[in-house]
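Thanks, everyone, for making time. I would like to walk through one structure this morning, moving from its surface inward, so please have it open in front of you.

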Amino acid sequence: DWSSDVCSSDLAHRSIRFQQGSAKNLPFPNDGIDLVYTSLALEQMESIRGAVLAEIGRVAGSHASFFEAFREFNGTSIQRAYVFAERYFRGSMQDLRDVGFRDVRAFADLPQKIWMNNVHVLASK
């Protein structure tokens, strides 16, 4: 019975806590978050990219998942021009290694628009 499964897991949400903060100064301890997840958020933070990635590296305890437009996957003229004109995220996968992630893997076989490729990147410490 599906409804009994829902009821038995109905308390899981009680351990979730939402907290607002600045991406440049996250209100969490070092290595305090099991999984940091971004989805098309970094594209809006190009002007503070270094600080935001450093904070993600600081608070991530072991893993991070990014769905973003990393530089390595936006190399055509159209993509570079679009990213530059919109002042979108220009970070690279090396940036993730620079903030402490050792294993960085990208999954790019996703439906894409011709002007910007977003990829799913999994990173671990």
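I78 sits in helix α3, which covers residues 77–86, and I should say at once that we are looking at a predicted model. Together with I114 and W115, I78 makes a nonpolar surface patch of about 320 Å².

Moving along the chain, we come to S92, which is placed in the loop between α3 and α4. Is S92 buried or exposed? Its relative accessibility is 6%, and because the cut-off for buried is under 20%, S92 counts as buried. Leaving aside residues up to four places away in sequence, S92 touches F70, R71 and E72.

The contact with F70 leads us inward, since F70, with the same sequence neighbours left out, touches F89, G91, S92, M93, L96, N117, V119 and V121. F70 also belongs to the largest nonpolar core, which has 19 residues, and the members that touch the most others there are I56, F66, F70, L96, F101 and V121. Two or more residues of this core come from each of α2 (49–59), β2 (60–68), α4 (93–98) and β4 (119–124).

Which of these elements gives the most to the core? That is α2, with four residues. If we then look at the helix itself, the buried residues of α2 are V52, L53, E55, I56, G57 and V59, and these buried residues pack against β1 (33–39), β2 and α4.

Notes
Residues are numbered from 1 along each chain as its sequence is written. This is a predicted model: local features need pLDDT of at least 70, side-chain atom pairs count only at pLDDT 80 or more; totals for chains, interfaces and linings use all residues. Side-chain values use heavy atoms; hydrogens and water are left out. A nonpolar core is a set of buried Ala, Val, Leu, Ile, Met, Phe, Trp, Tyr and Cys residues joined through side-chain atoms within 4.5 Å. Buried means under 20% relative accessible area, exposed over 50%, partly exposed in between (1.4 Å probe, protein chains only). Contact means heavy atoms within 4.5 Å. Patches are made of residues with over 30% relative accessible area and no salt bridge: like charges are joined within 9 Å, nonpolar side chains (Val, Leu, Ile, Met, Phe, Trp, Tyr) within 5 Å. Accessible areas come from the Shrake-Rupley method with a 1.4 Å probe; for residues, only the protein chains shown count as cover. A salt bridge is a side-chain nitrogen of Lys or Arg within 4 Å of a carboxyl oxygen of Asp or Glu.
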